[in-house]
Amino acid sequence: EQMDKANAARREKMAEKAVEREAEKAPIREAIVAVISDEPKTATTLIEEAGLEIKPQSIPSLLKGLVEAGTVVKTTVKIKGKSRPQVGYIKA
């Protein structure tokens with residue numbers, strides 16, 4: 001019983017933290033979605049156009065839910081001067 005009580009308390013605390021993290025990410029996600037258009041844009045381009053101070057590596061995690069929902073589509077973009085294609089994002 002004591003272990004179940006501790007597990008329940010831990011679950012509640014983790015749920016509260018998840019809600020807080022989501023509240024922090026929401027304005028950033030909205031700013032990024034606002035600059036996504038029909039033209040594919042890389043994570044770096046999205047950050048520059050939105051005027052944010054985040055790392056490009058955080059873009060996939062911020063947009064994961066939107067990609068799964070079908071609102072945003074991931075595509076490959078060939079960048080001049082780079083040998084490998086980059087991931088771009090466009091509106092669905």
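The protein chain in this predicted model exposes about 7,000 Å², with carbon and sulfur atoms supplying 53% of that area. Let's work through a few exercises on it.

**Exercise 1. Work out how the elements are ordered along the chain and whether the chain is spread out or a compact globule.**

Start by listing the pieces: the protein chain has 3 helices and 3 strands. Next, read them off from the N terminus, and you get α-β-α-α-β-β. Now turn to the radius of gyration: 18 Å for the protein chain, while the globule rule gives 12 Å for 92 residues. The value is well over the rule, so the chain is more spread out than a compact globule. Then look at the C-alpha trace, which spans about 60 × 25 × 25 Å along its principal axes. To finish, check the burial: 18% of the 92 residues count as buried.

**Exercise 2. Find out which residues of helix H3 are buried, and where they sit around the axis.**

First, pick out the buried residues of H3, which runs over residues 59-69: they are Ile 59, Leu 62 and Leu 63. Their arc around the axis is only 85°, which puts them on the same side of H3. Now flip to the other side of H3, where Lys 64 and Glu 68 are exposed. What covers the buried residues? The cover includes helix H1 (2-35), helix H2 (43-50) and strand E3 (86-91). Last, step just past the end of H3: Gly 70 takes a positive phi of about 90° there.

**Exercise 3. Decide whether Gln 57 is buried or exposed.**

Begin with its place: Gln 57 is in the loop between H2 and H3. Then take its relative accessibility, 62%, and hold it against the cut-off, since exposed means over 50%. Gln 57 therefore counts as exposed. For a sense of its surroundings, try Thr 44: the two residues are 13 apart in sequence, and their C-alpha atoms are 9.1 Å apart in space.

**Exercise 4. Find how far apart the centres of the positive and negative side chains lie, and what share of the contacts join residues at least 24 apart.**

Count the charges first: the protein chain has 17 positive and 14 negative side chains. Take the centre of each set, and the two centres turn out to lie 8 Å apart. For the contacts, keep those between residues at least 6 apart in sequence; of these, 45% join residues at least 24 apart.

Technical notes:
Residues are numbered from 1 along each chain as its sequence is written. This is a predicted model: local features need pLDDT of at least 70, side-chain atom pairs count only at pLDDT 80 or more; totals for chains, interfaces and linings use all residues. Side-chain values use heavy atoms; hydrogens and water are left out. Buried means under 20% relative accessible area, exposed over 50%, partly exposed in between (1.4 Å probe, protein chains only). Helices (H or I, at least four residues) and strands (E, at least two) are DSSP runs, numbered from the N terminus. The arc is that of the directions from the helix axis to the C-beta atoms. Contact means heavy atoms within 4.5 Å. The radius of gyration is taken over C-alpha atoms; the globule rule is 2.2 Å times the number of residues to the power 0.38. Accessible areas come from the Shrake-Rupley method with a 1.4 Å probe; for residues, only the protein chains shown count as cover. Lys and Arg count as positive and Asp and Glu as negative; His and the chain ends are not counted. The place of a charge is taken as NZ of Lys, CZ of Arg, CG of Asp or CD of Glu.
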